[in-house]
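Please open the structure in your viewer and keep the selection tool at hand. The stops below follow one another, each with something to select and a description of what is there.

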Amino acid sequence: VWGAEFTPDGKHLVSSSSDATLRVWNPHTAKLLGELRGHTGYIYGLDIHPGGRFVATAGGDRTVGVWDLQTRKRTATLRGHDRHIWAAQFTPDGRSILSASADGTLRRWTTARLADGHPVGPWASHAPVRAPSRIHWIGVHPDSQRVGLPCADGVIRILRLDGRPELRLRGHTAEANHVRFS
């Protein structure tokens, strides 16, 4: 199991795994409510939309999956990375998905269409932001405009989503793997 997250209402726990499945659980009874398939490789990470209905997944098959928890269907497959994707995160405003890959790029996917506050596509890809090494995770700032990127070279890069760098945090002597804004 690579990731697990509760929906905002706490009624479901969603997990991702090396078996290429996304599983939806009742965290109060441990009952499996659904198994979602569609990736052809590991699912390294997941994030739940702030509205709680959609999940974004980071695939070893170089795709980002967008899933509807109500219908248990994949609603979009986002392609553009050259290597496996370590992380996929919704922005706090729910209008974008960010994906980070072993190819050293951060991609931003947006949709102009929202239904009841939920993204429904079609999705547009913006120009990728390149880092000098693998990006392991995405810490999204609450303003939905900045990110923290922990990289394989041990440096954490803080940048704006338009690609402009703000800060480089140095000090780790090995790979930086996770970052979160408070």
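Which residue in the turn of the hairpin formed by strand 17 and strand 18 has a positive phi? Select the turn to find out, bearing in mind that this is a predicted model: the hairpin has five residues between its strands, and the residue in question is Gly154, with a positive phi of about 85 degrees.

**Strands 16, 17 and 18**

Widen the selection to both arms of that hairpin, where strand 17 and strand 18 pair in the antiparallel sense over five bridges. One residue to pick out here is Leu149, whose bridge partner in strand 18 is Arg157. Then colour strand 17 by accessibility: four of its five residues are buried, so the strand is largely enclosed by the rest of the structure.

On to strand 16, which pairs with strand 17 in the antiparallel sense over two bridges, with Gly139 standing opposite Gly148 in strand 17. These two strands also make a hairpin with five residues between them, and in this one Ser144 takes a positive phi near 65 degrees.

**Arg157**

Now select Arg157, which is placed in strand 18, residues 156–160. Is this arginine buried or exposed? Its relative accessibility is 6%, and because buried means under 20%, Arg157 counts as buried. Show the side chains and a polar contact of 2.7 Å appears between Arg157 and Asp153. Beyond the neighbours within four places in sequence, Arg157 is in contact with Pro132, Val147, Gly148, Leu149, Cys151, Leu167 and Arg168.

**Ile138 and the nonpolar cores**

Select Ile138 next, in the loop between strand 15 (129–130) and strand 16 (139–140). Although placed in a loop, Ile138 has a relative accessibility of 1% and therefore counts as buried. Setting aside residues within four places in sequence, its contacts are Ala87, Gln89, Leu98, Ser99, Ala100, Leu106, Val147, Gly148 and Leu149. For a distance across the chain, take the C-alpha atoms of Ile138 and Arg108, which are 30 residues apart in sequence and separated by 11 Å.

Which members of the largest nonpolar core touch the most other members? Among its 18 residues, they are Leu98, Leu106, Ile135, Ile138, Val147 and Leu149. Strand 10 (96–101), strand 17 (146–150) and strand 18 each supply at least two residues of this core. A second core, separate from the one just shown, has 13 residues, including Val64, Ile85, Ala88 and Trp109.

**Thr105**

Select Thr105, which lies in strand 11, residues 105–110, and counts as buried at 2% relative accessibility. Two polar contacts between side chains can be drawn from this threonine: one of 2.9 Å to His81 and one of 2.5 Å to Asp103. Not counting residues up to four places away in sequence, Thr105 touches His81, Ser99, Ala100, Pro128, Val129, Arg130 and Ile135.

**The aromatic cluster**

Turn to the rings of Trp2, Tyr42, Tyr44 and Trp86, which ring pairs link into a cluster. The count of aromatic pairs in the model comes to five. Select Trp2 and Tyr44 for one of them: the ring centres are 4.7 Å apart and the planes stand at 75 degrees, so the pair is edge-to-face. Trp2 lies in the segment before strand 1, whereas Tyr44 belongs to strand 5 (residues 43–48), so the pair ties together parts that are 42 residues apart in sequence. Trp2 counts as partly exposed at 40% relative accessibility, while Tyr44 is buried, with a relative accessible area of 15%.

Keep Tyr44 selected and add Trp86: this aromatic pair is tilted, with 4.8 Å from centre to centre and 55 degrees between the planes. It links distant parts of the chain, with Tyr44 in strand 5 and Trp86 in strand 9 (residues 85–90), 42 residues apart.

**The sheet of strands 1 to 4**

For the last stop, select the open sheet of four strands, which has the order 1-2-3-4 and antiparallel pairing. Its edge strands are strand 1 (3–6) and strand 4 (32–37), each of which pairs on one side only. On average, and with direction ignored, neighbouring strands of this sheet are turned by 15 degrees against each other. Strand 3 (residues 21–25) pairs with strand 4 in the antiparallel sense over five bridges, and Leu22 stands opposite Leu36 in strand 4.

Notes: Residues numbered from 1 in each chain as written. Predicted model: local features only at pLDDT ≥ 70, side-chain atom pairs only at ≥ 80, totals over all residues. Heavy atoms only, no water. Buried < 20%, exposed > 50% of the residue type's maximum accessible area, 1.4 Å probe, protein only. Contact = heavy atoms within 4.5 Å. Polar contact = N/O pair within 3.5 Å; in protein donor to acceptor, adjacent residues only side chain to side chain. Pairing = 2+ DSSP bridges. Axes fitted to C-alpha atoms, helices over the stretch in contact; angles between N-to-C directions. Core = buried A, V, L, I, M, F, W, Y, C linked by side-chain atoms within 4.5 Å. Phe/Tyr/Trp six-rings, centres within 6.5 Å; stacked < 30°, edge-to-face > 60°.
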